[in-house]
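User: Please explain how the terms used for this structure are justified.

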Amino acid sequence: MSEAEGVRALLKSHRSIRRFTDQSISQEIIDDIVECGQWAPTSHNVQAYSVICVRDKIKKQALARLCGNQRYIEECPVFFIFVADFFRHAQLCEANGTPFEVEETENLLVGAVDTALFAENVLLAARSYGLGGVMIGGIRNDAAQVAKLVNLPKWTVPIMGMCLGYPAQEPWQKPRIARAAIYHEDTYQIEQLPQQLQDYDTVSADYYRKRTNGHRTNGWSAGMTSYFGEIRRANLTDFIKSQGFSLK
Ligand SMILES: Cc1cc2nc3c(=O)[nH]c(=O)nc-3n(C[C@H](O)[C@H](O)[C@H](O)COP(=O)(O)O)c2cc1C
């Protein structure tokens, strides 16, 4: 397989891993995958991110609880917390005696996008070492307590966590929506959408039926209507504001 084919095969073989062997991850690998993360593109070169590497059992236990009792956070050898981070920029502007304007929602988006690109690069690099992982949005369930636990300063917001370790499972790949439903040429197309969603429901229901031994029989549409029927993380806005982003 050529190097290019290897890259595409890595991308197309993604699946989230939630069960890990006891094998630890060497510091050399951690250093290398974090460096790979840093080579992600970054808006205006602001590099508005940091990552906290958590190996401490007690901290991981606390984080598992804060993230909604997700046991794999406690079980994985390494848990990363990816943080949108403007602390260093704030320090620079303060030392320079110049205004620090990050009040607009735009800046939080910049930080969240930068952080997500960084995190995905880290995951891909980790997978190239035979590691597996899963991103954890549950880190935003109680962002204030997470911030307290790992001493996050002002101007930082946890965006996602990531469990990493050597896989102890080989889950099926979760089927994605048909490419035609997410790919548009020249203008946004909506005519085929109902049929595309129906087709995806057939495929995804089949996947869930097999993966859950028949416990779940409905498909993606049912999952999404249920997901969007609830308000989520309503207290996150207050935390974000308390960290210095007024979301103007
Ligand atoms: C930002 C983000 C947050 C996520 N948060 C969680 C989480 O808290 N717990 C979890 O088990 N999976 C989480 N996931 C994993 C998704 O559920 C998973 O990627 C999706 O269902 C598709 O499955 P796959 O990754 O195996 O293809 C998250 C994924 C992303 C990108």
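The exchange below sets computed values against their definitions.

Analyst: This is a predicted model, in which local features need pLDDT of at least 70 and side-chain atom pairs count only at pLDDT 80 or more, while totals for chains, interfaces and linings use all residues. Residues are numbered from 1 along each chain as its sequence is written, and side-chain values use heavy atoms, with hydrogens and water left out.

User: What makes the pair formed by K174 and the ligand a polar contact?

Analyst: A polar contact is a pair of N or O atoms within 3.5 Å. A polar side-chain atom of K174 is 2.6 Å from a ligand oxygen, so the pair meets the cut-off. For R18, an N or O atom of the side chain lies 2.9 Å from an oxygen atom of the ligand. At G137, a polar backbone atom is 2.6 Å from a ligand nitrogen.

User: How are the residues around the ligand classed?

Analyst: The shell holds four nonpolar, five polar and four charged residues. Asp, Glu, Lys and Arg count as charged; Ala, Val, Leu, Ile, Met, Phe, Trp, Tyr, Cys and Pro as nonpolar; and the others, Gly among them, as polar.

User: Why is the protein chain called as compact as a globular protein of its length?

Analyst: The radius of gyration is taken over C-alpha atoms, and the globule rule is 2.2 Å times the number of residues to the power 0.38. For 248 residues the rule gives 18 Å; the chain has 20 Å, which is close, so the chain is as compact as a globular protein of that length. Its C-alpha trace spans about 60 × 45 × 40 Å along the principal axes.

Conventions: A polar contact is a pair of N or O atoms within 3.5 Å; within protein, one must be able to donate a hydrogen and the other to accept it, and residues adjacent in sequence count only if both atoms are side-chain atoms.
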